Amino acid sequence: MPDTQALVNDFLNKLKKRKIEGSQATARQTAELLRSVISQQRVPYTNQAGALIDAVKAIGEQLIAANPVELAVGNIVRRVLHIIREEDLSLTTAAIGGLNLSAVSDDENDDDRDGDSTLSAAAVAAAARSTLRPPSLQTLLEDTPVSAAVPQTSSSGGDSEGKTADKSSRSRKLKHDVIEAVNELIQDIVTCHEQIAEQAVEHIHQNEVILTLGSSRTVLEFLFAAKEKKRSFRVFVAEGAPRYQGHLLAKELVARGLQTTLITDSAVFAMISRVNMVIVGAHAVMANGGVIAPVGMNLVALAAQKHAVPFVVLAGSHKLCPLYPHNPEVLLNELRSPSELLDFGEFSDCMDFGSGSGSPLLHVVNPAFDYVPPKLVSLFITDAGGHNPSYMYRLIADYYSADDLVVQRRATAGN
Amino acid sequence: MGAQKKRAAAAAAAARVSEDPDDLARQPLQAILLADSFTTKFRPITLERPKVLLPLVNVPMINYTLAWLEAAGVAEVFVFCCAHSKQVIDYLENSEWFSQPNFTVKTIESHNIISAGDALRLIYEQNVALVDIACLLKLVSLSRLKLATCYTLTICFLVVLSFKIHGDFVLISGDTVSNMSLTQALQEHKERKKKDNNAVMTMIIKKSKPSPITRQSRLGTDELFMAIDPNTKQLLYYEDKADHSKGTICLDKMLLAENPSISLHNDKQDCYIDICSPEVLSLFTDNFDYQHLRRHFVKGLLLDDIMGYKIFTHEIHSSYAARIDNYRSYDIVSKDIIQRWTYPYVPDVKFCGNRATKLERRGMYRALEIEQSRSAQVGSFTVIGYGTKIGSNSKISDSVIGEGCTIGSNVLIEGSYIWDNVIIEDGCELRHVIVCDGVIMKAGAVLKPGVVLSFKVVIGERFVVPAYSKVSLLQQPTVHDSDEELEYADNSSGTVEFSSIQGTADQSNGEMTSESSEAHKPKLGTGGVGYIWSICEGGQEEEWRHSVAPIPEDKLTELSEAMDDDQELVTQDRTALSTSGELISDSNASEGDDNEDSKDDSVYFEKEVEATFLRAVEENVKVDHVILEVNSLRLSYNMTSADCAGAVFYSMMKLAIKTPHSSASELQQNTANIITTWQKLLKSYLLEIDEEIEIILKFEEMCLESAKEFSPLFARILHILYDKDILQEDAILRWADEKEGADESDKVFVRQSEKFIQWLREASEEED
C-alpha cells in the first residue's frame with residue numbers, strides 16, 4: 001500500500017519538524033491517518049482484529065517516536081487500538097450469540113452437539129460478561145476471553161459454507177465497524193470544544209472574575225459560551241511569557257465584547273485574591289490527574305490554592321493520556337529556542353566563546369511546559385463532563401485498553 | 001529560409017522562457033546549494049572528506065541546510081558538488097532527502113570549478129543551453145530530421161532541463177545553519193523587484209556584536225562594516241577586510257552626497273543567505289572575473305554605478321542563521337545548537353534521520369545505549385552519541401562525542417569535538433580540540449588547545465601534541481598554489497596520496513615494519529601514525545583567531561593594550577566610530593574622516609598624472625587626449641581642478657629636470673620649451689585665479705624640496721609663465737601679498753622675484 005506509506009511519511013515529517021501545532025489538530029490528523037491505514041489494510045482470513053492491531057501499532061510506534069512531546073499522538077493511537085478490540089469483541093459476542101441460537105435449534109436433532117453447546121455457552125457467557133464488563137482493574141487484569149472465543153466458534157461451526165460466508169462478511173463488518181467508530185472519534189475530537197463549552201453556564205456565574213493563562217481554544221470557546229448565555233463576567237488574562245499567547249486571547253475576548261484585563265504572569269499572585277475561578281487549558285492530562293500545561297501554570301495553581309480559588313482545567317478527551325508522569329517514556333517537556341526570551345544580537349557578546357574559558361557563562365532555559373500535580377487541580381472538565389482528579393484513572397480506563405499501554409513499551413524496547 | 005526559421009523558433013522559445021511576472025511568482029521556490037566552500041580553512045580534514053559532510057553535533061552539516069530549506073518552503077534544491085563530489089552525491093543518494101514528497105534535491109557535479117562564481121556561471125550556461133536546445137528541438141521537428149538525432153537531442157534536453165532556474169532563488173552554501181522563515185524576506189524581495197528591476201539581491205543579516213578586542217565577529221570572521229540606508233534597507237557599502245591598524249574606514253563621499261541618510265554598522269553578521277533574482281547568474285557570466293560571492297560580486301555590484309544594480313538587506317531578529325567558515329565558527333555554531341538557538345534543528349529533535357537523543361538536565365544530550373561508568377562525570381552542554389562507552393573517573397564537559405566511541409578511564413575532555421568511532425585510552429587529556437573519525441589516542445596522550453586530528457591518526461603513548469597543530473595521515477601539500485583559495489586544487493592528488501599512505505599504515509600494522517613507524521616515530525610518539533602539518537601561511541598570528549580553542553589570556557591582554565593605543569590615536573583624530581552611528585550627508589561630519597585619506601590619495605593622484613604625462617610626451621599623444629585622461633583621473637580620485645593643475649605642473653617640471661642639461665640656463669631653456677609645448681594642457685585647468693596661485697605654491701614647494709635645482713631660476717621661470725599667459729599678474733601679486741606676513745624663510749622666493757613683482761605692480765598702476 002504505497003498510498004498509506006506516503007501519507008504516513010508525510011505526517012511523520014510534519015511531526016518531526018514540529019509543523020503541526022496544538023494537540024487538537026495533531027489528534028485529528030492522527031485519527032484520520034489511522035483511519036486510512038485501516039481502510040487500506042488487507043485483512044487475512046483469520047484473526048482480522050490481530051492484523052489490524054498490528055498494522056496500527058506498527059505505524060503508531062513511528063508516529064509516537066516522531067514527536068514524543070506531543071502526547072496526543074500516542075493517545076489517539078491507543079484509542080484506535082481500543083476501538084478495534086472493542087468492535088472485535090462485540091462482533092464475536094454477536095456471532096457466538098447467533099451460533100448459540102443455531103446450536104439450540106440443532107439440539108433437537110442431534111445430541112452429539114451437547115458438549116459443544118455447553119462449551120460455547122460458557123464462551124458466550126464470558127463474552128457477554130466482557131462486553132458488559134465495567135472497565136475495572138480486576139477485569140483488565142483478567143485473561144481476555146476473546147482469543148479463546150474465536151477458535152472455539154470456528155471449531156464448533158456446523159456447516160462450513162455458511163461459516164465462510166459468515167466470516168467474509170464478518171471481516172468486512174469488522175473493518176466497517178472500526179472505521180465507523182474512528183469516524184465517531186474524529187467527530188468527537190472536532191466537536192470537543194463545543195461539548196466542553198456547553199457546560200460553561202454551570203461553572204461561570206454572574207459577576208464572577210475568571211483568570212486564565214496563555215491562550216487555549218478550549219478556554220476561549222468556554223468563555224464565549226458563557227457570554228452567549230448572557231452571563232456577565234470579567235476575565236483576567238495572564239500574558240503567558242515567553243510566547244505571549246495571552247495577548248492574542250485578550251484580543252479575541254475583547255473582539256467578542258468581554259471585559260478583559262491583561263496582566264503579566266508575575267502579577268498573578270497579586271491579582272488572585274480578586275479572582276473567583278481559574279480556568280485554563282492543558283497540553284495533556286496524565287493518568288494520575290496531573291496536568292502538563294504551558295509554562296507558568298504551576299505558579300498560577302499554587303497561587304489559586306493559597307487563596308482557595310478553584311483551579312479548573314479544560315481538556316478534550318484526546319488529551320487524556322493513559323500514562324503516569326513518572327513513566328520514563330513520557331517526555332514531559334520540550335525546551336524551545338532561547339530567542340523567544342532574549343534578543344540574540346544584544347546578547348551576542350555574552351556568547352562569544354572565543355574569549356574567556358570557552359564554556360558558556362550564560363545559560364538560557366526555555367521550557368515549553370509545566371507540570372501541575374493533581375492535588376492542585378480542583379476540577380477537570382472534559383467533553384464527558386466534570387471530574388475530580390482522582391477519578392481520572394477511571395475515565396482513562398474507559399477510553400483505553402490496558403494491553404496497549406504495555407505494548408508501546410515492548411515495541412520501543414525491541415527496537 | 002533556415003535562418004529565418006531559427007529566429008522564429010528562438011523568439012518563440014524566448015517568449016516561453018520569459019513569462020509574465022505573475023506566472024513567475026507562482027513558480028516553486030528554488031535554491032542553489034554550494035556543497036563546497038572553495039577555501040582551505042578546514043584542512044587537513046577536507047582533504048579526505050568534503051566540508052558539508054563533516055558532522056556538526058553528530059549530524060552532517062548539509063542536513064541542517066537541507067532541513068532548513070525544506071522547512072522554509074523551497075521546492076527544489078540544486079546541490080552543486082565540486083570537491084569530493086562523489087562522496088556528497090553518494091551521501092545524498094542514500095539519505096532521506098531523495099525521497100521527500102514535496103522537496104526535490106538534484107545534484108550538479110563539476111570538477112573544473114574553482115569558485116562560487118564559476119559554479120554560478122556553469123548553472124547559467126546550462127540555463128541558456130536549455131533555451132538553445134529548445135530552439136533546436138523546434139527546428140528538428142519542423143525540418144523532420146532523422147528520428148535518431150531527434151532522440152539524442154531530447155536526451156540532452158532532458159538532462160539540461162533538470163537544472164533550470166525559473167525565477168528567484170536562494171543562494172546558500174552547504175555549511176549554513178538557520179531556522180529563519182523565508183516568507184517575509186522573499187515577499188520583500190519580490191515587491192522590490194516589481195518596483196525596481198535593478199534590485200537583484202536580498203542579503204540576510206543578523207545583529208551580532210564583534211569582539212572589541214580581537215576585532216573579529218564571534219564566528220571568527222573579520223569585523224564587517226556595512227552601510228545601509230535605514231529607510232530602504234539598501235546596502236551601500238560592504239567591507240569585511242577593513243584595515244584596523246588605521247582605526248578608520250573610508251567611505252566614498254558620493255555615498256554621503258547621494259543618500260539622505262545612511263547608517264553604518266559594524267554589529268551585523270552576514271548570514272551568507274541570499275535571495276537572488278535570475279539576473280545574478282547572468283551578472284556572473286558577464287563579469288567573468290567574479291569569483292568570490294562577497295569580495296567580488298557584492299563589492300563589484302556596489303561600485304558599479306553604470307548598470308545600477310542594487311542589493312538590499314533583510315535583518316532577522318528572533319531566528320538564527322550562521323555560516324561555518326572556520327574552526328572557530330564550527331565551535332560557536334555547535335554551542336549555539338546545543339544551547340538550542342537553532343530550534344527545531346537541535347539534537348533531540350529528529351529533523352533528518354538523526355538518532356533518538358534525550359535532553360537531560362543542564363543541557364546534556366544522551367543517545368541510547370550509552371555505557372557510562374558510575375564514576376564518570378558528564379558535565380553540562382555535552383552531547384554523547386549512540387553506543388559510546390565512557391570509562392570510570394573520566395570527566396567530560398562542553399563537548400560533543402560521536403557514535404561508537406570508546407573512552408577509557410581518567411580521561412579529561414573539555415570543550416572538544418570528537419567524531420565517530422574514536423578510541424581514547426586511559427589518562428588522555430583533550431582540551432578544545434577536534435578529533436575526526438577513527439582516531440586512536442594511546443594511553444596518556446595529551447592534546448593541547450586548538451589541535452585538529454584528521455581521520456585515523458594514531459597518537460602514541462604519552463605524546464603531547466603542541467597547541468594549534470594539525471595532524472593528518474596525508475602529508476602537507478608542499479607546493480602552495482598561488483591562489484590559496486582553491487580547495488580542491490590538489491584534491492585528486494590528495495586522494496591518491498591518501499590511499500598510498502593508507503597502504504603503508506596497514507602494512508605497518510600488519511608486519512610491524514620499521515619503515516613507516518620510523519618515519520612517524522619522532523613526530524607522534526611510539527606507535528603514532530600521521531604527519532604534523534607545519535603552521536600554514538597565516539602563521540601563528542592567525543591560528544589562535546580561527547581555532548576551536550578560546551583565545552589565550554596573554555593574547556587578549558596584548559590586544560587590548562594595542563587597542564588602547566589605537567584608541568588614543570583615534571580620539572586624536574576625532575574619528576571614533578560609534579557602533580551604528582547615523583551619518584547625515586549634509587553635515588560635515590565626514591570631512592574629518594577624509595583628511596587622512598585624501599593626503600594619501602593626492603600622492604597617488606600626482607604619481608598617476610605624472611605617469612600619464614610622461615607617457616604622453618614619449619608617445620606624442622595629442623594634448624586633447626591627455627586632458628581627457630587627466631580628467632578621468634581627477635574624477636576617479638575625486639580631485640579639484642587646482643589639484644590637477646598642481647599635478648600637471650609638477651610633472652612638467654619633473655620632466656624638465658630629467659631632460660639632460662649642463663647648466664642652469666640650459667635647464668631654463670628646457671623648461672621654457674616644455675611649457676610652450678604643453679601650455680594648453682596646463683591652461684585647461686587654470687579656470688580661476690586660485691589654481692594659478694596653487695601653481696606658484698607648488699613651484700615654491702618643489703624648489704624647496706624635490707627639485708632644488710630650480711631655486712635659483714625661480715624668478716625667471718615665473719617670468720616665463722607670465723609671458724606665456726599661464727599666470728596672470730593678479731595671481732602673482734596675490735601670491736606676493738599672501739607671503740607678506742609669512743616667516744623670513746618662506747619669503748626666499750618672494751624676495752628673489754621682488755624685481756619682477758615690482759615691475760608688475762608698476763605696470764598695473766600705469767594701466768590704471
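# A tour of chains A and B

Start where the two chains meet: 35 residues of chain B are in contact with 34 residues of chain A. The model on screen is predicted. Select both sides of this interface. Between them, chain B and chain A bury about 3300 Å², and 54% of that area is on carbon and sulfur atoms. The salt-bridge rule finds two such pairs across the interface of chain B and chain A. To see a salt bridge, select Lys207(B) and Glu346(A); their closest N and O atoms are 2.5 Å apart.

**Chain A: three strands and two helices**

Next, select residues 209-213 of chain A, which form strand S1, and residues 234-238 of chain A, which form strand S2. S1(A) and S2(A) pair in the parallel sense, with five bridges. Within this pairing, look for Leu213(A), which stands opposite Ala238(A) of S2(A). To follow the chain from S1(A) to S2(A), add helix H10, residues 217-228 of chain A. The path through H10(A) is a β-α-β crossover, and it is right-handed.

Now add strand S3, residues 259-263 of chain A, which runs parallel to S2(A) and is joined to S2(A) by five bridges. Val237(A) has Leu262(A) in S3(A) as its bridge partner. Helix H11, residues 245-255 of chain A, completes a right-handed β-α-β unit with S2(A) and S3(A).

Keep S2(A) selected and colour by burial. Four of the five residues of S2(A) are buried, so this strand is largely enclosed by the rest of the structure.

**Chain B: overall view and cores**

Move to chain B and show the whole chain as a cartoon. Chain B contains 24 helices and 36 strands. Of its 768 residues, 53% count as buried. Among contacts in chain B between residues at least 6 apart in sequence, 62% join residues at least 24 apart.

Centre the view on Leu69(B) and Val79(B). These are the residues with the most contacts inside the largest nonpolar core, which has 74 residues. Helix H3, residues 61-71 of chain B, gives the most to this core, with seven residues. Then show what surrounds Leu69(B). Beyond its neighbours within four places in sequence, Leu69(B) is in contact with Ala31(B), Leu33(B), Val74(B), Val77(B), Phe103(B), Val170(B) and Ile172(B). For a second, separate core, of 55 residues, select Met652(B), Ile657(B), Ala707(B) and Ile726(B), which are among its members.

**Chain B: two residues to inspect**

Select Glu610(B), which lies in helix H16, residues 589-619 of chain B. Is Glu610(B) buried or exposed? Its relative accessible area is 12%, which is under the 20% limit, so Glu610(B) counts as buried. With neighbours within four places in sequence left aside, Glu610(B) is in contact with Tyr650(B), Ser651(B), Lys654(B) and Lys658(B).

Finish at Ile440(B), in strand S29, residues 440-441 of chain B. Ile440(B) is partly exposed, with a relative accessible area of 27%. Show Ile423(B), Val457(B), Val458(B) and Ile459(B) as well: Ile440(B) is in contact with these residues, leaving aside neighbours within four places in sequence. As a last step, draw a distance from the C-alpha atom of Ile440(B) to that of Gln669(B), 229 residues apart along the chain; the separation is 84 Å.

Conventions:
Residues are numbered from 1 along each chain as its sequence is written. Chains are lettered from A and ligands numbered from 1 in the order in which they are written. This is a predicted model: local features need pLDDT of at least 70, side-chain atom pairs count only at pLDDT 80 or more; totals for chains, interfaces and linings use all residues. Side-chain values use heavy atoms; hydrogens and water are left out. A nonpolar core is a set of buried Ala, Val, Leu, Ile, Met, Phe, Trp, Tyr and Cys residues joined through side-chain atoms within 4.5 Å. Buried means under 20% relative accessible area, exposed over 50%, partly exposed in between (1.4 Å probe, protein chains only). Contact means heavy atoms within 4.5 Å. Two strands pair if DSSP finds at least two bridges between them. A crossover is right-handed if, with the strands pointing away from the viewer, the path from the first strand over the helix to the second runs clockwise. Buried area is the accessible area (1.4 Å probe) that two parts lose on being put together, summed over both. A salt bridge is a side-chain nitrogen of Lys or Arg within 4 Å of a carboxyl oxygen of Asp or Glu.
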